[in-house]
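Here is a short report for a reader new to this structure. It covers nonpolar cores, a charged patch and salt bridges.

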Amino acid sequence: MDIKIELDSPRQGSTAEGKSTLRPTVYALKIALSHPDVLAKCMEESEALLRLLGKTMKWPRKITAAIVKAIQAEDDDETSPRSYGDKPLSVLLKCRSTWRTYQNVVSRLFNEDQKPISDALADHFSSLTAKDSANTPRNPNITLLGSLVGLSPLEKRLLDFAEHRNAEPFRSFLRSIDNLDAREAYSLLAAAIDAPIESVCKALRADAPLRAFGLIDFDRSPSDMEDVIRLADTGESFLGETFSKAEDMLRVVLHPSAASSLTLEDYPHLTREFEWLVSYLRNASQGQIKGTNVLFYGTPGTGKSEFARLIAQHAGLTAFDVKSADDDGDSIAGKTRLTHFSLSQRFLTERERSLVIFDEVEDVFPDRGFSFLSLLGGKASGGGDQSKAWINNQLESSPVPAIWICNSIKAVDDAFLRRFSFHIEFRTPPKTVRERVVRRCLGEIPVSHELVSKLASDDRLSPAQINLASRFASLCQSTPGSFDETALAEAIKASQHAMGRPATTTQLQSRGDTCQLGFLNLDTDIPLEKIEQSLCRRPSATLCFYGAPGAGKTSLAHRLADKIGRPLMIKRASDLLGMYVGESEKNIARMFAEASRDGAVLLLDEADSFLRSRQHANQSWEVTQVNELLQQMESFDGVFICTTNLMDDVDEAALRRFTFKLRFNALDTAQREAMFIDTVLDGAAHLLSAPVRTGLQRLGALTPGDFATVRRQETLIGERYSPEDFLQCLVRECAIKQSQPAKTFGFIG
């Protein structure tokens with residue numbers, strides 16, 4: 001007579017909990033019964049398997065009697081044997097020690113004679129498979145997902161296995177099967193889902209749907225059976241939510257794009273590209289042209305995402321964003337988002353007139369030092385699924401048009417870049433565009449044109465910062481309807497400072513860099529007025545400004561740009577020098593291309609390293625940088641200005657390419673007095689004392705920059721210097737430049 005062992009768990013198949021243990025039990029028995037060595041291993045540590053078998057397990061009477069006798073021997077109560085026989089075994093298995101006893105008895109009996117145990121397990125397996133054959137996934141989401149991405153029945157069973165892998169005690173059972181190689185792992189999986197091992201191997205390839213779409217993770221070198229296969233983050237999202245139909249699954253990887261808050265008027269510098277892309281994406285969508293991918297890249301806050309949405313609207317396409325964060329607000333890793341992009345292509349294939357916007361892909365295109373392939377699991381780092389060939393295939397064969405957006409492409413392999421149909425680099429918009437954006441952000445707030453102009457001059461100031469600062473300034477007012485521009489300017493200044501950015505352009509006071517020709521001591525064969533007139537007639541020339549630091553080179557560049565009605569683009573050596581071979585040359589070419597596109601006067605400030613004579617070069621890259629600069633100067637159809645303090649080291653070929661060369665000298669005696677009267681005495685020449693005049697005559701190295709430095713000192717201290725104190729500060733500035741001790745004139749100290 002067989003005795004049923006009843007545990008405390010509910011009747012299997014009668015509740016959700018019971019149903020959740022039925023399928024793992026079937027999987028466990030398939031594995032154990034198909035591999036005698038695994039069954040023997042499980043019998044050594046059989047508690048996990050015994051807990052899986054649960055109360056429906058029927059042991060032969062001899063085995064049951066041995067279990068009851070062993071538990072009775074450990075029980076301290078003097079309960080008669082007859083009373084044990086009347087109680088279900090679940091009553092006896094009331095603590096950890098009795099479970100160990102149960103396990104020890106079954107293990108001992110298995111070692112003595114395997115057949116009764118094996119036959120009992122086989123009979124139990126037959127009764128379970130009559131209820132559940134394990135060929136149909138329990139979770140209806142697997143069926144829905146299978147219809148969306150085209151999963152085979154075998155792949156759906158593997159997905160079902162991976163889902164149940166997380167359930168205890170099935171997980172403990174899998175953990176007990178260790179010391180596996182890849183072939184053994186494939187064999188056990190094949191047994192569990194009742195499939196040929198070759199088919200399982202094929203289904204677990206990196207380019208097969210389960211791994212290519214990020215549904216499961218697979219370990220080729222597992223420490224035990226638990227580690228072989230598991231649900232990936234994407235797989236858990238699909239199987240853990242509730243969906244009424246397959247289309248609802250779109251929300252796991254995509255969400256509808258918001259309407260653009262900008263108009264084409266906000267992109268006057270991209271009108272031509274806008275018209276091209278609207279037609280291109282519309283036609284590609286209608287013709288179902290594969291591999292329609294466009295890349296937007298450039299500085300944050302330049303409107304890349306808004307531009308993509310605007311294109312979608314004008315092209316009549318429904319845009320979807322690949323999600324960058326989950327429903328809890330946590331960021332989604334780049335590797336996972338790449339599989340989401342692949343899934344979005346599969347999901348939207350049957351939807352007409354769709355567009356995928358793949359934004360914020362910085363972690364998909366990582367910094368150099370890690371390869372794109374290694375981050376996604378190539379040989380460099382191991383463990384991932386997307387190979388370089390797989391990614392290339394996505395770019396070449398994706399059926400739904402897509403716009404990829406990132407801030408930088410420095411780390412992107414050329415093999416990926418050349419597979420994009422069109423590239424747009426988003427640079428800082430012209431100042432007129434930035435002014436319009438600033439006014440839109442400020443809304444109805446009454447601000448002066450001067451403040452708007454100053455805000456627009458800061459090309460790193462984002463609309464979000466302006467919005468928050470304007471709200472702060474509005475709520476700071478104690479009188480309804482009033483508005484203090486100072487609060488707005490200071491809020492923006494503080495925001496820029498917190499992000500490590502200079503914010504001088506947001507100050508309400510003048511920057512003090514207005515160029516006054518009377519305070520420039522120029523040494524040139526051609527008068528400055530004639531140079532200005534020629535540039536106004538034809539704004540195409542190269543100019544070299546050299547000479548004393550602080551003599552007004554940058555100020556004159558501002559004046560020339562204003563004279564010819566063009567924006568001034570300022571670059572410094574630090575903006576162009578790159579870490580890698582060839583990167584500086586690319587940055588130089590990009591600088592000229594940006595200036596040409598924006599119609600800007602280009603100023604390369606402190607260009608000494610790029611103008612140095614190639615005869616003195618110690619490294620090959622020093623030569624190539626100069627060569628690149630000279631080639632770009634030749635082809636640039638605009639106004640290019642270089643400033644340098646080391647004219648003696650400038651390459652001869654570079655000197656020949658400058659149309660005008662202007663030497664900036666320190667102020668002469670008359671200019672020193674005039675600037676002192678204008679800056680310090682507010683134009684009152686009669687206040688210039690004889691001792692101060694004598695002191696100014698001795699300062700042969702004095703420049704306008706020295707006056708600006710002392711004025712900044714006054715601002716910092718918060719008080720005006722006397723003429724004598726101001727002169728003494730000028731003396732010290734000149735002494736520092738000339739590397740000699742400062743001589744006092746008796747006014748201070």
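A residue counts as buried under 20% relative accessible area, as exposed over 50%, and as partly exposed in between. Asp328 has 67% relative accessibility, so Asp328 counts as exposed. The model is predicted.

**The negative patch**

Asp328 sits in a loop, between strand S7 (318–322) and helix H19 (334–347). Asp328 also belongs to a negative surface patch. The other members are Asp217, Asp233, Glu236, Asp326 and Asp330.

**The nonpolar cores**

In soluble globular proteins, nonpolar side chains tend to be buried together. Here the largest nonpolar core has 107 residues. Trp59, Leu159, Phe161 and Phe173 touch the most other members of that core. Another core lies apart from it and has 27 residues. Ala573, Leu576, Phe610 and Ala654 are among them.

**The salt bridges**

Side chains of opposite charge can pair when their charged atoms come close. The structure holds 29 salt bridges. Three of these pairs are set out below, including their N to O distances.

| Acidic residue | Basic residue | N to O distance |
|---|---|---|
| Asp132 | Arg138 | 3.2 Å |
| Glu226 | Arg175 | 3.0 Å |
| Glu247 | Arg351 | 3.8 Å |

Take the bridge between Asp132 and Arg138. Asp132 has 6% relative accessibility, so Asp132 counts as buried. Arg138 is partly exposed because its relative accessibility is 36%.

Next come Arg175 and Glu226, whose side chains meet in a salt bridge. This pair links distant parts of the chain, 51 residues apart. Arg175 lies in helix H11 (residues 170–175). Glu226 lies in the loop between strand S3 (216–218) and strand S4 (229–231). Arg175 has a relative accessible area of 35%, so Arg175 is partly exposed. Glu226 counts as buried because its relative accessibility is 8%.

The third pair is Glu247 and Arg351. The two are 104 residues apart and also link distant parts of the chain. Glu247 is in the loop between helix H15 (233–240) and helix H16 (250–253). Arg351 is in the loop between H19 and strand S8 (354–358). Glu247 is partly exposed at 47% relative accessibility. Arg351 is partly exposed at 32%.

Which residues are joined into one network by salt bridges that share partners? They are Arg165, Glu168, Arg171, Arg175 and Glu226. The Arg175 and Glu226 bridge described above joins two of these residues.

Terms used. Residues are numbered from 1 along each chain as its sequence is written. This is a predicted model: local features need pLDDT of at least 70, side-chain atom pairs count only at pLDDT 80 or more; totals for chains, interfaces and linings use all residues. Side-chain values use heavy atoms; hydrogens and water are left out. A nonpolar core is a set of buried Ala, Val, Leu, Ile, Met, Phe, Trp, Tyr and Cys residues joined through side-chain atoms within 4.5 Å. Buried means under 20% relative accessible area, exposed over 50%, partly exposed in between (1.4 Å probe, protein chains only). Patches are made of residues with over 30% relative accessible area and no salt bridge: like charges are joined within 9 Å, nonpolar side chains (Val, Leu, Ile, Met, Phe, Trp, Tyr) within 5 Å. Accessible areas come from the Shrake-Rupley method with a 1.4 Å probe; for residues, only the protein chains shown count as cover. A salt bridge is a side-chain nitrogen of Lys or Arg within 4 Å of a carboxyl oxygen of Asp or Glu. Lys and Arg count as positive and Asp and Glu as negative; His and the chain ends are not counted. The place of a charge is taken as NZ of Lys, CZ of Arg, CG of Asp or CD of Glu. Helices (H or I, at least four residues) and strands (E, at least two) are DSSP runs, numbered from the N terminus.
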